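Visitor: Could you take me through one part of this model in detail? I would like a close look at the biggest pocket, and at how it sits in the rest of the protein.

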Amino acid sequence: MSVKSAEFLKVSHLEMESLFCRILIQRGFSKDKAKTCANIFTSNSLDGVYTHGVNRFPRFVNYISEGHIDP
């Protein structure tokens, strides 16, 4: 479960990865590819590489919508 404070929103690894996976499946990714991508984005965030984790995910989703990424 998420806990919100004045400065941070804390989300568990499982919650983040599950949400990313659901979003990718909704946009046409197979379950396996969605799980792989979701794991990469989540792991990057946990490793402190936010530019290729949670911060990159919205752009990735936009690229899918714009046809730059083919699921």
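Guide: Happy to; here is the pocket, followed by the fold around it and one buried side chain. Please keep in mind that this is a predicted model.

Let's begin with the space itself. Rolling a probe the size of a water molecule over the atoms shows where empty space is left. The largest pocket found here holds about 360 Å³ of space. Its lining consists of 14 residues, and those nearest the centre are Leu9, Lys10, Val11, Met16 and Val54.

Where does the lining of the largest pocket come from? Three elements each supply at least two residues: strand E2 (9–10), helix H1 (13–26) and helix H2 (31–46). Among the contributors, H1 gives the most, with five residues. By chemical character, eight residues of the lining are nonpolar, four are polar and two are charged.

Now for the fold that frames the pocket. The protein has three helices and two strands, and along the sequence they follow the order β-β-α-α-α. With a radius of gyration of 12 Å, close to the 11 Å that the globule rule gives for 71 residues, the protein is as compact as a globular protein of that length. The C-alpha trace spans about 35 × 20 × 20 Å along its principal axes.

A few totals fill in the picture. Of the 71 residues in the protein, 25% are buried. The protein exposes about 5200 Å², and 56% of that comes from carbon and sulfur atoms. Looking at contacts with a separation of 6 or more, 35% are between residues 24 or more positions apart.

H1 and H2, both of which help to line the pocket, are joined by a loop that deserves a look as well. Phenylalanine 29 is found in this loop between H1 and H2. Is phenylalanine 29 buried or exposed? Its relative accessibility is 8%, so phenylalanine 29 counts as buried, the cut-off for buried being under 20%.

What surrounds phenylalanine 29? Setting aside neighbours within four places in sequence, phenylalanine 29 is in contact with Leu24, Ala34, Cys37, Phe60, Ile64, Ile69 and Pro71. Another phenylalanine gives a sense of distance along the chain: phenylalanine 29 and phenylalanine 41 are 12 residues apart in sequence, and their C-alpha atoms are 15 Å apart in space.

How values were computed. Residues numbered from 1 in each chain as written. Predicted model: local features only at pLDDT ≥ 70, side-chain atom pairs only at ≥ 80, totals over all residues. Heavy atoms only, no water. 1 Å grid on protein atoms, 1.4 Å probe; cavity = no way out; pocket = protein on both sides within 12 Å on 5 of 7 lines; lining within 4 Å. Points joined across faces, edges and corners; volume = space filled by probe spheres on them. Helix = DSSP H or I, 4+ residues; strand = E, 2+ residues; numbered from the N terminus. Nonpolar A, V, L, I, M, F, W, Y, C, P; charged D, E, K, R; others polar. Rg over C-alpha atoms; globule rule 2.2 N^0.38 Å. Buried < 20%, exposed > 50% of the residue type's maximum accessible area, 1.4 Å probe, protein only. Contact = heavy atoms within 4.5 Å. Areas by Shrake-Rupley, 256 points an atom, 1.4 Å probe, with all protein chains shown as cover.
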